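Open the structure in your viewer and keep the selection tool at hand. We will go stop by stop.

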Amino acid sequence: CAASRQATCVAGCIPVPWLCDGEQQCPDGTDEQCGCECCSVPSVCGAKKVQCPGTHHCIPHWELCDRHQDCEDGWDEEGCPQQPCLPGQWQCRNRVCIMAEWKCNGIDDCGDSSDEDVCAPCPRGMVRCDEGKCILESLMCNDEDDCLDGTDEPSTCGESHGAAGHCPCGWGRGGATELFCVMSPLHFCSARVDIRSGDLYWLAFPHLFCPRTHVPCRDGTECVAQEYMCDGEKDCADGSDEDGCAQLCDTPGRSHSSYPCGLGACLNASLVCDGRQDCADGSDEGGNCSVPCQRSCIHLCYPSPQGPRCWCDSGYRLAEDGLSCTDINECLEQGKGACSQMCLNVPGSYSCGCFPGYLLEPNFHDCKLTGPEPKLLVAIQSEVLSYGLRSGHEEVLLTTDKDRVVFSLDYDLVERKVFWMDLATESIRWQDLDSSKKGTLVKGVRSDCIAVDWLGRNLYWTDGAAGRVLATRLGAAWRGIPEYTVVMDEDLEQPHSLVLQPLAGLLYWSEVGSHPRLMEATMDGSRRHVLLSQGLGWPTALALDLPTWRIFWLDEKLGSINSARLDGTGVKVLHLAWVQSPFAAAVCEGQLYWSERKTWSVQQVDKSSGKNRTVLLKRHGQPHGLQVPTWGSPEPCCASSAGPPTLHGPAI
């Protein structure tokens, strides 16, 4: 047997990870007799855990010498030094020991926030909440709880008592609790109510630096994505992202009876030349307002300071002749911004529709799933949680051994089984959610991503190290010999994320090698072609949104949320600062969900705009795989266009 990778048993050699995994592979059971020498188990624990000798059981570093026996044989409490924590560890206020480098990492590793409370001051222009995180100073006293504990909205907001003093760098006052003044072209200072004391204080800081994909707001306190400029919504607190947008009065989404004021605002044409100054600069009055309308306008004629002009009803655009009006096809110009699923253009307007299984919301734009509440399945450490996307109800669906991490997961719509990758034992396991039966599908595999073909009854996975995509039958039962088929193993450079479209017989995957790309092929590995190969950094988390016929991916290197049509066209990129270390993604209705390993959280944003970010879950453990299954057995209405791969004996 290969000493580093295999162990010897009576019947031959078995992989080392199969030792002490709770399942007997050797006829005499010696692979489960973990007191013997052959059961020297290699480390399967991550960087933040240690392994109990002779087992697969992992414990956090802070459970070493905590006066509590966590390893079965008590090894974690043997030979402990007299000092409370080991070298390289730091003791929390609650006497828990954590690794020293975890202090001030933005995560409550202690459980009592003491590892974050002692941190250095927040970056300039930001203040720290009691809970530990830093927020922009401009978010204080804005009548919204930006700190989870609400400490940015103390009862003293709206008062100006305390050490106000004088403006040390110039002049300016902006409200009862806020003063701004200019120091230099690159600096400004502001006065805010202190979160803890309620006193007024000054903070001077340099002009905010924004990344290449963002622009600064006028007050210099925050950056917004370039895509949000002049989109009709105020994303800057001071609204400066919507200033100077006069030239966009006739862009999709705005009224086509708008008059551009000189300073940038768009004014309804009916308010022009009405004797009242509606534009801040008065540019809507005077001039040639008194000249009567005598033009042969097809729709309407309004006076203006520039003389009479023709205007069009809503849903129409003024033609080049300046007299007639042409219909606006909102479905084409606004894209998916017009309707979330189906869009029908009619003269002067449009209407939205939904696919079967969805119901049009009262806003006549969004489509909502009918039937039971959609739920998000999330793998967090050794558990799989169910999270209600409308109620927020949480439920633990399954729990594995503490030393086993549920990595990538997927769900079988037909038999209501959850499948997941177990890296500790290099196996793909399953559990029935109705009967709690569980088992092992295949062993001897290692993958970052698995995907279930509920129609063809196969399970696919990627092997990035070997550069392969493989598959096995969902009904396979582990008999000691790996049974799987290599679907693709040529010209693949580190395949990573994988998603399936069973009804069309297609699979999509990302490659994160030296030349990252998004690929498509039929489920038997044929008819392979490149969807995208430009503008990619490290596309890690893929998700299909079939109602809009788009594929979404999160790019860890570029920090972006991206999407494209399933033919590779219509690419849309949103650069967002909170995309840091995404692992898996899913789309449901109008929202995109993804797991963030760096911040140990599951988040959601509007899939079209990237706005309205919400942290749904944050646990003391890394989230990995997630899915939004459709509960209940599906009724396949058409067959796969390219049948499943032929699965037989073990692949070589």
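This tour visits an annotated domain, a nonpolar core and two sheets. Keep in mind that the model is predicted.

**Stop 1: the annotated stretches**

Select residues 292-326, then residues 330-368. An unreviewed UniProt entry annotates both as "domain: EGF-like". Stay on residues 292-326 and show the cartoon. This stretch is 0% helix and 31% strand. Its end C-alpha atoms lie 25 Å apart.

**Stop 2: the largest nonpolar core**

Now select L376, F419, I428, L459 and W461, and show their side chains. They belong to the largest nonpolar core, which has 44 residues, and they touch the most other members. Which strand gives the most to this core? It is strand 24, residues 375-380, with five residues.

**Stop 3: the sheet around strand 24**

Keep strand 24 selected and add its sheet. This is an open sheet of four strands, in the order 26-25-24-47, with antiparallel pairing. Find the edges next. Strand 26 (394-399) and strand 47 (623-627) sit there, and each pairs on one side only. On average, neighbouring strands in this sheet are turned by 25° against each other, direction ignored.

Zoom in on strand 24 and strand 25 (residues 383-388). They are antiparallel and share six bridges. Select K375 to see one position in detail: G388 in strand 25 stands opposite K375.

**Stop 4: a second sheet**

Move on to residues 539-545, which form strand 39. Strand 39 belongs to another open sheet of four strands. The order is 39-40-41-42, and the pairing is antiparallel. Why does one side of strand 39 and of strand 42 (572-575) lack a neighbour in the sheet? Both strands stand at the edges, and each has a single partner strand, so one side is left without a neighbour. From one strand to the next, the twist averages 20°.

Is strand 39 mostly covered or uncovered? It is mostly covered, with seven of its seven residues buried.

**Stop 5: the hairpin**

Add strand 40, residues 550-555. Strand 39 and strand 40 pair in the antiparallel sense over six bridges. Pick A541, then look across to L554 in strand 40, its bridge partner. Now follow the chain between the two strands. This hairpin has four residues there, and W549 takes a positive phi near 60°.

**Stop 6: the other edge**

Finish with strand 41 (residues 560-565) and strand 42. Four bridges join this antiparallel pair. Select I561 and L574 together: L574, in strand 42, is the bridge partner of I561.

Definitions and conventions:
Residues numbered from 1 in each chain as written. Predicted model: local features only at pLDDT ≥ 70, side-chain atom pairs only at ≥ 80, totals over all residues. Heavy atoms only, no water. UniProt positions renumbered as here; feature names shortened; annotations may be inferred. Core = buried A, V, L, I, M, F, W, Y, C linked by side-chain atoms within 4.5 Å. Buried < 20%, exposed > 50% of the residue type's maximum accessible area, 1.4 Å probe, protein only. Pairing = 2+ DSSP bridges. Axes fitted to C-alpha atoms, helices over the stretch in contact; angles between N-to-C directions.
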